[in-house]
Amino acid sequence: MKWLKKWSYLILLVGMGIIYLTRVDGWQVYAEPLWEVKSWYDRQKGKDVLPADGSVLGDAETGQDVGEPEGTVSPDSGSGNSVEKDAEGGLVTEGEDGIQGTVSGSGNEAPPPDGETGESGSAQPPDGGQSQEPGEEGQNPPEANPPEGGAEDNPPGEAAYMTVEDDYFADAVFIGDSRTMGLFEYGGLEDTAAFYASTGLTVYEMFEAEIVPGENGKITVEEALQQNSFAKIYLMIGINEMGTGTVESFLEAYEAAVAHLRELQPDAVIYLQAIIKVTTERSEQGDYINNEGIIARNEGIARLADNEHVFFLDVNPLVCDESGGMVPEYTFDGVHLKAVYIDIWKDFLKTHAVSVSP
């Protein structure tokens, strides 16, 4: 038993490490290296996998990045692309800023409109794009002008939601940033719905971002929405904009974006998803990402819903604790949901659907 005595310390150390990584860390620290090895192996076998360097949109295009997955993937069933997950199902991350990339899908094909592609309709950030002081985030947002049919003198009625199955999303497109990418990768809808999502995507350049694969390279979200027809649009955006401008300037840009979505897809139901809060610990770090600012923005977004064409969906009560922030166990970085908890979000969407006429 000399060998056991000789190696007992190492065996004990490895055992304690495995217990820690399994019970506490969730193997997140090894997610990236394991993903790299698996991707290399798949490439040797001739499989089509995500590129190691992804398709990165620079800061000038995407705004601030709070940490997101990597790679350019299309949910078309015949594309052959695959998305890797870590051992615990958490989002694969690289350092504090995360891995970058885009997610997109084609949706239902429809001929593009005649003539010019038209104005993008996306508002620009305020001059200078100066960061906002954390204390300013908590200011009550100004009254945003709701879309037609949702004026304050004629408040919208109660929405009549129903429960649906995954096929409800077959004619839907999800537009957003890394959080939407997480839904794509771990929500089981990659072969059902279309996803126009990208690292650091903001409402200010949502329509100009070239993140959707086309026949001759990537095209903008504007062009993709002109070429494809959808019955439902799910928008989740706003976390990356918190360090730029004010609550008021964000809501002005957001309202303009919603109006333009209605122009591009007049027959679609639009679901405005509340910005998911961060953990209380992350919120109290003292920078521009804080729950006080998220609440102010969500209040303005909610006022844009008319419960006829535009609906407001808030999953926060299901993923937040009594402190008002995201449940710490649900996230690996204080901002993004772990893969195993994405189903909470997906199931919420499935129980908050409205009937859409064919």
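**Figure 1. How much of the chain is tucked away?** Of the 358 residues in this chain, 49% count as buried. Keep in mind that this is a predicted model. The chain contains ten helices and eleven strands. Its accessible surface adds up to about 17200 Å², and carbon and sulfur atoms make up 51% of that. Look at contacts between residues at least 6 apart in sequence, and 77% of them join residues at least 24 apart.

**Figure 2. Helix α4 is mostly covered.** This close-up follows residues 178-186, the stretch that makes up α4. How many of its nine residues are buried? The count is nine of nine. Reading along the helix, you pass S178, R179 and T180, then M181, G182 and L183, and finally F184, E185 and Y186, each of them buried. Just past the helix comes G188, and its phi is positive, near 75 degrees.

**Figure 3. Helix α4 meets helix α10.** A pair of packed helices is described by the angle between their axes and by the distance between those axes. Here the partner of α4 is α10, which covers residues 342-350. The two axes come within 10 Å and cross at roughly 90 degrees. An angle of 65 to 115 degrees counts as roughly perpendicular, so that is how α4 and α10 sit relative to each other.

**Figure 4. The residues where α4 and α10 touch.** Which residues make the contact? On the α4 side they are R179, T180, G182, L183 and Y186. On the α10 side they are I342, D343, W345, K346 and L349. Sorted by class, the contact of α4 with α10 has five nonpolar, two polar and three charged residues.

**Figure 5. D166 and K346 meet in a salt bridge.** The structure holds five salt bridges, and this view shows one of them, with N to O at 3.0 Å. The pair links distant parts of the chain, with the two residues 180 apart. D166 lies in the loop between β3 (108-109) and β4 (172-176), while K346 belongs to helix α10. Is K346 buried or exposed? Buried means under 20% relative accessible area, so K346, at 9%, is buried. D166 has 23% relative accessibility and therefore counts as partly exposed.

**Figure 6. D166 also pairs with K350.** Stay with D166 and look at K350: their side chains meet in a salt bridge, again listed at 3.0 Å, N to O. Once more, distant parts of the chain are linked: D166 is in the loop between β3 and β4, K350 is in helix α10, and their positions lie 184 residues apart in the numbering. K350 is buried, with a relative accessible area of 14%. Put the pairs together and you get a network of salt bridges linking D166, K346 and K350.

**Figure 7. R282 forms a salt bridge with D287.** The closest N and O atoms of R282 and D287 are 3.0 Å apart. What does burial look like for these two partners? R282 counts as buried, at 14% relative accessibility. D287, with a relative accessible area of 24%, is partly exposed.

Conventions
Residues are numbered from 1 along each chain as its sequence is written. This is a predicted model: local features need pLDDT of at least 70, side-chain atom pairs count only at pLDDT 80 or more; totals for chains, interfaces and linings use all residues. Side-chain values use heavy atoms; hydrogens and water are left out. Buried means under 20% relative accessible area, exposed over 50%, partly exposed in between (1.4 Å probe, protein chains only). Helices (H or I, at least four residues) and strands (E, at least two) are DSSP runs, numbered from the N terminus. Axes are lines fitted to C-alpha atoms, for helices over the stretch in contact, and angles run from 0 to 180 degrees between N-to-C directions. Angles under 35 degrees count as roughly parallel, over 145 as roughly antiparallel, 65 to 115 as roughly perpendicular and the rest as oblique. Contact means heavy atoms within 4.5 Å. Ala, Val, Leu, Ile, Met, Phe, Trp, Tyr, Cys and Pro count as nonpolar, Asp, Glu, Lys and Arg as charged, and the others, Gly among them, as polar. A salt bridge is a side-chain nitrogen of Lys or Arg within 4 Å of a carboxyl oxygen of Asp or Glu. Accessible areas come from the Shrake-Rupley method with a 1.4 Å probe; for residues, only the protein chains shown count as cover.
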